[in-house]
Amino acid sequence: TSPIRIAPSILSADFARLGEEVRALEAAGADWIHVDVMDGHFVPNLTIGPAVVKALRPHTTLPLDVHLMISPVDSFLDAFAEAGADHITVHPEAGPHIHRTVQRIKSLGKMAGVSLNPGTPAKMLDYLIDDIDLVLIMSVNPGFGGQSFIESQLRKIEAVRKMIDKTGRDIRLEVDGGIDMKTAVQAIAAGADVLVAGTATFRGGPSAYASNIAGLKSAG
Ligand code: DX5
Ligand code: ZN
C-alpha cells in the first residue's frame, strides 16, 4: 500500500499571497498542491484558470494536482498542461466523451484523474479504470471549501479501492471535501491514499500548516 499523501487545497489560501502560500505548504510537508478550478457553470463558484497555475509553477517542485470543475472541459486541457499541471482530473459529466478526454490528458503526458461527485456511482469507472492514474472521490458537492463530509461516500471509497486493487496498477485514490482528523481516519480506513484538505490545512495560519499536515498524515 502507498503512503498517505496530503494535498492541501489552495482554495483556502490567501489568494493575494499565493506564491508564498504554496512555498509555505511545501516547507510544511505537503505532498501535492491541489488546485480547484471552477467555472461558475459546472459548479456554482468561480476561481482560477491556467494563468494562475503558470504563475505558481516556479514556486514549488511539488506536483500540481489540478482539479477541473469546468464544462465543457476538453478545450482547456492543453492550456492547463502547458501551464505546468502535473495531474489533470476531470468529471465524467464535464464533457460528452470522458474516455476521449482521459486519452487526451495522457497524450499530453500528464497523470489522468477522474472525479466522482457524491451522486455519481463507482460504476462510472468500469470502462475507465484501466486507463487512469488517479480517482478523486468527492466527499462534498463540489463548489466550496468548508462543507461537511458526506458519510455515504465511504462505501464508494471502499468500492473503488477494490476496483483499483483488481487492476494491479498503481492508481492513487484521493478524497476531497470535509477532511478533518475524524474523516481522515475514516477515509484512509476505507482505502484512500491521498487526502485533499483545505480548511484543515489552513486552520490557525501559516505557523500551524506543518502540524496540521502532520496530524492528517498520522491519521493513517
Ligand atoms: C470543493 C473542492 C475542495 C475543497 C476542499 O469543490 O474540490 O478541494 O476546497 O475544502 P475543505 O477541505 O475545506 O472541505
Ligand atoms: Zn478539489
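Visitor: Leaving aside neighbours within four places in sequence, which residues is His67 in contact with?
Guide: This is a predicted model, and His67 has its place in strand 3, residues 64–69. Leaving aside neighbours within four places in sequence, the contacts of His67 include Thr89, Ser115 and Leu136. The others named are His34, Val35, Asp36 and Val37.

Visitor: Is His67 buried or exposed?
Guide: A residue counts as buried if 20 or more other C-beta atoms lie within 10 Å of its own. His67 has 27 other C-beta atoms within 10 Å, so His67 is buried.

Visitor: What is the average pLDDT of the protein chain?
Guide: In this predicted model, 100% of the residues score at least 70. The model also scores ipTM 0.98 and pTM 0.98. The average pLDDT of the protein chain is 98.

Visitor: Which residues does UniProt list for "active site"?
Guide: The listing comes from an unreviewed UniProt entry. The residues it gives under "active site" are Asp36 and Asp176.

Visitor: Why can Asp36 and Asp176 be said to gather at one spot?
Guide: UniProt lists Asp36 and Asp176 for "active site" in an unreviewed entry. They span 141 residues in sequence, so the sequence alone does not show them together; in space, no two of their C-alpha atoms are more than 10.5 Å apart.

Visitor: In which strand is Asp36 found, and which residues is Asp36 in contact with?
Guide: Asp36 is found in strand 2, residues 33–38. Asp36 has 24 other C-beta atoms within 10 Å and is therefore buried. Leaving aside neighbours within four places in sequence, Asp36 is in contact with Ser9, Leu11, Thr47, His67 and Met69.

Visitor: Which residues does Asp176 touch, not counting residues up to four places away in sequence?
Guide: Asp176 lies in strand 7, residues 172–176. Asp176 is buried, because 27 other C-beta atoms lie within 10 Å. Not counting residues up to four places away in sequence, Asp176 touches Leu136, Ile137, Met138, Ser139 and Val196.

Visitor: What is the largest C-alpha distance among His34, Asp36, His67 and Asp176?
Guide: The unreviewed UniProt entry lists His34, Asp36, His67 and Asp176 for "binding site". They are spread over 143 residues of sequence, yet they cluster in space. The largest C-alpha distance is 10.5 Å.

Visitor: Which residues are closest to ligand 1?
Guide: Ligand 1 is surrounded by 21 residues. By class, this shell has seven nonpolar, 12 polar and two charged residues. The closest to ligand 1 are Ser9, Pro142, Gly145, Gly198 and Thr199.

Visitor: Which elements each supply at least two residues of the shell around ligand 1?
Guide: Two strands and one helix are named as each supplying at least two residues of this shell. They are strand 2, strand 8 (194–197) and helix 7 (199–202).

Visitor: Where does Thr199 lie, and which residues is Thr199 in contact with?
Guide: A second "binding site" list in the unreviewed UniProt entry includes Thr199, along with Ser9, Gly145 and Gly198 among others. Thr199 lies in helix 7, and Thr199 is partly exposed, with 17 other C-beta atoms within 10 Å. Leaving aside neighbours within four places in sequence, Thr199 is in contact with Ser12, Gly145 and Gly146.

Visitor: Which residues have the most contacts inside the largest nonpolar core?
Guide: The largest nonpolar core has 67 residues. One of the residues with the most contacts inside it is Leu195, and the contacts of Leu195 include Ile4, Val175 and Leu216. The full set with the most contacts is Leu68, Ile88, Val135 and Leu195.

Visitor: How far apart in space are Leu62 and Ile157?
Guide: Leu62 lies in the loop between helix 2 (50–56) and strand 3. Leu62 is partly exposed, with 16 other C-beta atoms within 10 Å. Leu62 and Ile157 are 95 residues apart in sequence, and their C-alpha to C-alpha distance in space is 25 Å.

Visitor: What distance separates the C-alpha atoms of Ala208 and Ala28?
Guide: Ala208 is found in the loop between helix 7 and helix 8 (209–217). Ala208 is partly exposed, with 14 other C-beta atoms within 10 Å. Ala208 and Ala28 are 180 residues apart along the chain, and their C-alpha atoms are separated by 8.7 Å.

Methods: Residues numbered from 1 in each chain as written. Chains lettered and ligands numbered in written order. Predicted model: local features only at pLDDT ≥ 70, side-chain atom pairs only at ≥ 80, totals over all residues. UniProt positions renumbered as here; feature names shortened; annotations may be inferred. Helix = DSSP H or I, 4+ residues; strand = E, 2+ residues; numbered from the N terminus. Buried ≥ 20, exposed ≤ 12 C-beta atoms within 10 Å, placed from the backbone. Contact = placed C-beta atoms within 7 Å. Near = placed C-beta within 6 Å. Nonpolar A, V, L, I, M, F, W, Y, C, P; charged D, E, K, R; others polar. pLDDT = per-residue confidence, 0-100. Core = buried A, V, L, I, M, F, W, Y, C linked by C-beta atoms within 7 Å.
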